[in-house]
Amino acid sequence: LSNTIDNARASGIQWVIVGMHKNCITAGTKTCEIGPDLLNLLLNKKVDLILQGHDHVYERSKQLNCASVGSYNPACVVDDGADGIYNKGAGTVLVISGVFGQSFYNINSLDTEAGYFAAWMGNNLNPTNGFVQYQVNATEISAQFVRSAGGTYSDSFRIVETFASCVDNDLDSYNVTGSSCGTVDCNDTNSGIYPGAGEVCD
């Protein structure tokens, strides 16, 4: 999985989105069923977005660069998500959406992992059936909770590309940033090493 993420970025794939059914951190009822190692790998790699279900609630996380299962570590929060806008590459946003048709579970705002989340909804907090609609282009992922029945809950957020972060230390026109900045330079301290460069023999 680690190599797949690295290869996707090296090939210029703009967004890394990982989907799975089960959870690890949540303010709902579930426990870390995927295991902390998988969650930590995805957070360490700063995948843009993790999509999950399983817990019959809706939760949107803050932007994270780490997480401690069973406790809240405020140092893991890169962006609190209060304005619904996250910068691409700073960390990972996690969405749990399990409220389309099954019965709801409660949200526990006192849960030790609740601090990782910016927005939530469940059986005890405006229960609203619905799904999340995503729109993806080269510079932005936008998401909107779409109500289908029940309450009046709404939520939306965006992950946006920032263009001021392209780094080319050796000035060979390839960079270490990737994404919209172009193909990743595997060695940005040597201008003779770059994607597609011919082998130099001594």
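Two strands are taken to pair where DSSP finds at least two bridges between them. In this predicted model, strand 9 and strand 10 meet that condition, since they pair in the antiparallel sense over nine bridges, and together they form a hairpin with three residues between them. Within this pairing, N129 stands opposite A149 of strand 10. Strand 10, which spans residues 140–150, is also joined to strand 11 by five bridges, and these two strands again run antiparallel. The second pairing likewise gives a hairpin, with five residues between strand 10 and strand 11, and here A143 is placed opposite F157 of strand 11.

These hairpins belong to a protein chain that contains two helices and 11 strands, arranged along the sequence in the pattern α-β-α-β-β-β-β-β-β-β-β-β-β. The C-alpha atoms occupy a box of roughly 70 × 30 × 25 Å when the extents are taken along the principal axes. Of the 202 residues in the protein chain, 41% are buried, and the exposed area of the protein chain comes to about 9800 Å², of which carbon and sulfur atoms supply 50%. When contacts between residues at least 6 apart in sequence are considered, 61% of them join residues at least 24 apart.

Five strands form an open sheet with the order 1-2-7-3-8 and mixed pairing. Its edges are strand 1 (17–19) and strand 8 (117–121), each of which pairs on one side only, and the twist from one strand to the next averages 10 degrees. Inside this order, strand 2 (residues 49–52) and strand 7 (residues 93–97) run parallel and are joined by four bridges, with Q52 standing opposite I96 of strand 7.

Helix 2, covering residues 36–44, presents L39, L42 and L43 as buried residues. Because these residues cover an arc of only 100 degrees around the axis, they are placed on the same side of helix 2. The spacing is in keeping with the geometry of the α-helix, in which there are 3.6 residues a turn, so that residues three or four places apart point the same way. The other side of helix 2 carries D37 and N44, both of which are exposed. The buried residues of helix 2 pack against several elements, namely helix 1 (2–10), strand 1, strand 2, strand 4 (63–64) and strand 7; strand 1, strand 2 and strand 7 among these partners are also members of the open sheet described above. Helix 2 is followed by K46, for which phi is positive, near 55 degrees.

Aromatic contacts were examined next. A pair of aromatic rings is described by the distance of the centres and the angle of the planes. Six aromatic pairs are found in the structure. In one of them, F100 and F131 are arranged edge-to-face, with 6.0 Å from centre to centre and 70 degrees between the planes. F100 is located in the loop between strand 7 and strand 8, whereas F131 is in strand 9 (residues 128–136), so this pair ties together parts that are 31 residues apart in sequence. With a relative accessible area of 56%, F100 is classed as exposed, because exposure is assigned over 50%; F131, by contrast, has a relative accessible area of 35% and is partly exposed. The rings of F145 and Y153 have centres 5.6 Å apart and planes at 75 degrees, so this pair is also edge-to-face. Both F145 and Y153 are buried, and ring pairs link these two residues with Y58 into a cluster.

A further exposed position is found in the segment after strand 11 (156–160), where L171 lies. L171 counts as exposed because its relative accessibility is 71%, a value over the 50% cut-off. Although L171 and D188 are 17 residues apart in sequence, their C-alpha atoms are 8.3 Å apart in space.

Technical notes
Residues are numbered from 1 along each chain as its sequence is written. This is a predicted model: local features need pLDDT of at least 70, side-chain atom pairs count only at pLDDT 80 or more; totals for chains, interfaces and linings use all residues. Side-chain values use heavy atoms; hydrogens and water are left out. Axes are lines fitted to C-alpha atoms, for helices over the stretch in contact, and angles run from 0 to 180 degrees between N-to-C directions. Buried means under 20% relative accessible area, exposed over 50%, partly exposed in between (1.4 Å probe, protein chains only). The arc is that of the directions from the helix axis to the C-beta atoms. Contact means heavy atoms within 4.5 Å. Rings of Phe, Tyr and Trp (its six-membered ring) pair if their centres lie within 6.5 Å; planes under 30 degrees apart count as stacked, over 60 as edge-to-face and the rest as tilted. Accessible areas come from the Shrake-Rupley method with a 1.4 Å probe; for residues, only the protein chains shown count as cover.
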